[in-house]
Amino acid sequence: MAKKKTITLLSWNVNGIRAISNKGFTEWLKKERPDILCLQETKAALDQVPKDIMALEGYNKVFALGERKGYSGVGLLSTMAPRKIATDIGSKACDGEGRIIRADYDDFILFNVYFPNGNASAERLQYKLDFYKDFLKHVNALVRKGNNIVFCGDVNTAHTEIDLARPKENEDVSGFLPVERAWIDKVVADGFVDTFRMFTKEGAHYSWWDYKTRARERNVGWRIDYIFVNEAFKNNIRSAFIMYDIQGSDHCPIG
């Protein structure tokens with residue numbers, strides 16, 4: 001039997017694909033050559049994606065943007081042509097803001113997700129929780145049907161105290177509220193595995209730093225970007241990592 005090819009999957013909240021295209025993005029991508037690159041917070045419709053990115057050879061490209069222009073948005077660049085693509089899951093809470101791309105491959109279904117931020121208001125926090133609930137219900141149903149699931153992206157919540165530099169100071173801040181963290185507890189309880197924690201158990205590993213306070217220079221950050229897989233698929237994971245040194249956004253890529 002032929003040995004299966006190792007696939008490199010990267011995920012990155014770029015905080016604006018037009019902005020990052022001016023910061024060496026295509027040069028970085030050509031150097032890394034991931035098989036799959038999931039982008040979040042692209043803030044661009046298809047006709048607004050920079051030409052140098054659309055001209056990249058060897059990648060199938062899919063972008064989704066919600067009804068509100070210049071807001072949210074996700075993108076998928078893949079060297080492998082998905083068998084199926086979708087940008088919604090049939091949920092009122094999850095669809096409409098351009099936050100999801102589903103790509104079906106031979107061995108797994110991939111979800112690239114930009115989960116909501118709950119900081120703005122009580123209404124947005126509730127929207128985030130509704131999104132969480134409906135998304136998990138959807139992927140759980142797919143696993144029950146025998147599918148392997150990989151979901152990745154900016155989850156906008158740090159799971160445990162070791163996933164942010166200052167847990168005590170942020171106990172009452174959206175992104176570390178007990179109700180938000182409880183959802184990740186449920187993700188794990190339902191049989192999904194945080195791939196980074198398969199290989200790295202200690203703290204001080206973050207994927208987002210506040211721009212305004214220059215927190216990255218002091219590594220005062222949060223790990224809010226994740227790649228999860230269902231339990232039955234976890235033995236296919238060879239490594240998981242955070243690309244701390246990659247600049248251009250307030251997030252860095254994970255893989």
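This is a guided tour of the structure above, stop by stop, with a suggestion of what to select each time.

**Before you start**

You are looking at a predicted model, in which local features need pLDDT of at least 70, side-chain atom pairs count only at pLDDT 80 or more, and totals for chains, interfaces and linings use all residues. Residues are numbered from 1 along each chain as its sequence is written, and side-chain values use heavy atoms, with hydrogens and water left out.

**Stop 1: the open sheet**

Select β5, β6, β7, β8, β12 and β9, which form an open sheet of 6 strands in exactly that order, with mixed pairing. Helices and strands here are DSSP runs (H or I of at least four residues for helices, E of at least two for strands), numbered from the N terminus. Two strands pair if DSSP finds at least two bridges between them. β5 (84-86) and β9 stand at the edges with a single partner strand each, so one side of each has no neighbour in the sheet. From one strand to the next, the twist averages 15°; angles run from 0 to 180 degrees between N-to-C directions, using axes fitted to C-alpha atoms, for helices over the stretch in contact.

Now add helix α4 (residues 122-144), which packs on the sheet and touches β6, β7, β8, β9 and β12. Its direction makes about 175° with that of β7. Helix α5 (residues 178-189) packs on the sheet too, touching β8, β9 and β12, and its direction makes about 30° with that of β12. Contact means heavy atoms within 4.5 Å.

**Stop 2: strand β12**

Zoom in on β12 (225-230). Are its two faces covered or open? Both are covered: Asp-225, Ile-227 and Val-229 are buried on one side, and Tyr-226, Phe-228 and Asn-230 are buried on the other. Buried means under 20% relative accessible area, exposed means over 50%, and partly exposed lies in between (1.4 Å probe, protein chains only). With 6 of its 6 residues buried, β12 is largely enclosed by the rest of the structure.

Next, show the strands on either side. β8 and β12 pair in the antiparallel sense over 5 bridges, and Val-150 has Val-229 as its bridge partner in β12. Strand β9 (residues 192-194) also pairs with β12 in the antiparallel sense, over 3 bridges; here Asp-194 is partnered by Phe-228.

**Stop 3: the nonpolar cores**

Select Ile-36, Leu-76, Leu-110 and Val-150. These touch the most other members of the largest nonpolar core, which has 27 residues. Such a core is a set of buried Ala, Val, Leu, Ile, Met, Phe, Trp, Tyr and Cys residues joined through side-chain atoms within 4.5 Å. Strands that each supply at least two residues of this core include β2 (36-40), β4 (74-78) and β8 (149-154). A second, separate core of 23 residues includes Ile-89, Phe-131, Ile-149 and Phe-151.

Stay with Val-150 and show its surroundings. Not counting residues up to four places away in sequence, Val-150 touches Leu-9, Phe-108, Ile-109, Leu-110, Phe-111, Ile-227, Phe-228, Val-229 and Phe-233.

**Stop 4: helix α2 and the residue after it**

Select α2 (25-32) and colour it by burial. Its buried residues are Phe-25, Thr-26, Trp-28 and Leu-29. They cover an arc of only 160° around the axis, which puts them on the same side of α2; the arc is that of the directions from the helix axis to the C-beta atoms. On the other side, Glu-27, Lys-30 and Lys-31 are exposed. The buried residues pack against β1, α1 (17-20), β2, α3 (51-54) and β4.

Step on to Arg-33, which follows α2 and has a positive phi near 50°. Most residues other than glycine have a negative phi. Arg-33 is partly exposed, at 40% relative accessibility. Ser-72, in the loop between β3 and β4, has a positive phi of about 60°, but Ser-72 is buried at 2% relative accessibility.

**Stop 5: two polar contacts**

Finish with Ser-11 in strand β1 (residues 9-13), buried at 1% relative accessibility. Which side chain does the side chain of Ser-11 make a polar contact with? It is that of Gln-40, at 3.0 Å. A polar contact is a pair of N or O atoms within 3.5 Å; within protein, one must be able to donate a hydrogen and the other to accept it, and residues adjacent in sequence count only if both atoms are side-chain atoms.

Then select Asp-210, in the loop between β10 (208-209) and α7 (215-218). A polar contact of 3.0 Å joins its side chain to that of Thr-213, and Asp-210 is partly exposed, with a relative accessible area of 25%.
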